[in-house]
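Thank you all for coming. Please have a look at the sequence and the model on the screen, and then I will walk you through a few of its details.

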Amino acid sequence: MSELVTGEAVTLELQPARLPSRALAVLLDLTVVLVTYVAVSVALLMATASLDEAARTAVSIATFLLVLVGGPIAVETLSHGRSLGKAACGLRVVRDDGGPIRFRHALVRGALGVVEILLTAGVVACVASLVSARGRRLGDVFAGTLVVRERVPAARVGFVPPPPPWLAGRFSGLDLSAVPEGLWLAVRQYLGRMNQLDPQVGRAMAERLAGDLAERTGAAVPTGVPPAAYLAAVVQERQVREARRTFGGGFGGGPVAGQGVARPVGPSAGSVPGPPAEPRGVGADAVVPVERPSGEGPATGFVPPA
């Protein structure tokens with residue numbers, strides 16, 4: 001597997017897509033776009049038969065720009081880098097730092113794709129992809145993007161540490177449907193390697209990933225919750241939901257493979273209280289308060305990166 005190095009010098013195990021898989025994805029996308037372009041052109045030609053030559057030429061140019069140029073840009077923007085061909089081949093376009101792309105990235109890739117793919121029959125894109133160490137064409141170089149493989153065996157993803165007990169199960173009300181798979185992969189890669197990072201670099205990366213995740217879910221990071229702990233808790237919540245969908249109603253939010261026990265603590269699942277200060281009960285379910293020196297902030301139960 002090739003490694004992707006972010007701007008903070010953090011190595012992520014993202015596998016760049018190579019020329020054969022990218023060529024197949026582009027071929028599928030071009031087939032769909034060209035069929036749509038022909039259908040729209042025929043319909044407009046019949047509808048504008050009564051117009052003069054200049055008007056029909058203007059309509060043809062507008063159709064070309066909207067369908068062959070604007071269509072792929074819109075699809076990549078709305079799908080966060082996963083067009084129909086890329087979805088079929090298990091590929092996705094991500095930023096150089098592993099995050100999801102935005103409109104400006106799709107715009108640059110689409111504009112240069114007209115020259116690289118359409119006007120030169122893909123020759124320029126093939127040559128650039130063969131020369132690049134990570135298989136990038138010129139559109140990727142100027143847009144700061146990379147096409148990676150999404151279908152990576154689960155064993156290649158590092159161990160994801162569990163969240164602190166007082167956060168487990170606290171984000172059951174979040175809407176995770178808008179979070180792209182590329183962002184999940186980046187979060188899991190960070191959590192699996194955060195203890196190997198420089199503390200300042202790891203903190204900055206956790207804050208950026210937490211901000212991206214909060215933007216996708218529509219809920220801000222709770223005050224007082226460390227970004228790394230927030231990421232671990234949300235990832236565990238996603239795993240719990242996937243387990244429930246897999247095993248049906250019989251799965252009640254128990255332990256997930258590679259995670260701790262999701263045990264709710266506090267009055268409601270939507271709130272994010274601090275760590276318990278007093279022990280409750282005796283035995284296996286007793287909650288032991290976390291001792292800390294005077295003058296320090298509240299204990300989180302989450303061990304920061306070394």
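There are 14 salt bridges in this structure, which, I should say at once, is a predicted model. As a reminder, side chains of opposite charge can pair when their charged atoms come close.

Let me take glutamate 76 and arginine 109, which form one such salt bridge with their closest N and O atoms 2.6 Å apart. Glutamate 76 sits in helix α2, residues 53–78, while arginine 109 sits in helix α4, residues 103–119, so that the pair links distant parts of the chain, 33 residues apart. Both glutamate 76 and arginine 109 are buried.

Now please find arginine 102, which forms a salt bridge with aspartate 212, the closest N and O atoms being 4.0 Å apart. Because arginine 102 lies in the loop between β3 and α4, and aspartate 212 in helix α8, this pair ties together parts that are 110 residues apart in sequence. Are these two partners buried or exposed? Arginine 102 has a relative accessible area of 27% and is therefore partly exposed, whereas aspartate 212, at 12%, counts as buried, because the cut-off for buried is under 20%.

Arginine 102 also forms a salt bridge with glutamate 215, where the closest N and O atoms are 3.6 Å apart. Here again distant parts of the chain are linked, since glutamate 215 belongs to helix α8 and arginine 102 to the loop between β3 and α4, 113 residues apart. Glutamate 215, at 47% relative accessibility, counts as partly exposed. Elsewhere, salt bridges that share partners join Arg22, Glu76, Lys86, Arg109 and Asp140 into one network.

Let us stay with helix α8, which covers residues 199–217 and reaches 26 Å from its first C-alpha to its last, close to the 27 Å expected. At its N-terminal end, aspartate 198 acts as a cap, with a side-chain oxygen 3.1 Å from the backbone nitrogen of glutamine 200. Just after α8 comes glycine 218, which takes a positive phi of about 80°. The buried residues of α8 include Leu209 and Leu213.

Which residues touch the most other members of the largest nonpolar core? Leu209 and Leu213 are among them, as are Tyr190 and Tyr230, in a core of 29 residues. Helices α7, α8 and α9 each supply at least two residues of this core, and α9 gives the most, with 8 residues. A second, separate core has 7 residues, including Ala25 and Leu91.

Conventions:
Residues numbered from 1 in each chain as written. Predicted model: local features only at pLDDT ≥ 70, side-chain atom pairs only at ≥ 80, totals over all residues. Heavy atoms only, no water. Helix = DSSP H or I, 4+ residues; strand = E, 2+ residues; numbered from the N terminus. Expected span 1.5 Å × (residues − 1). Buried < 20%, exposed > 50% of the residue type's maximum accessible area, 1.4 Å probe, protein only. Polar contact = N/O pair within 3.5 Å; in protein donor to acceptor, adjacent residues only side chain to side chain. Core = buried A, V, L, I, M, F, W, Y, C linked by side-chain atoms within 4.5 Å. Salt bridge = Lys/Arg side-chain N within 4 Å of Asp/Glu carboxyl O.
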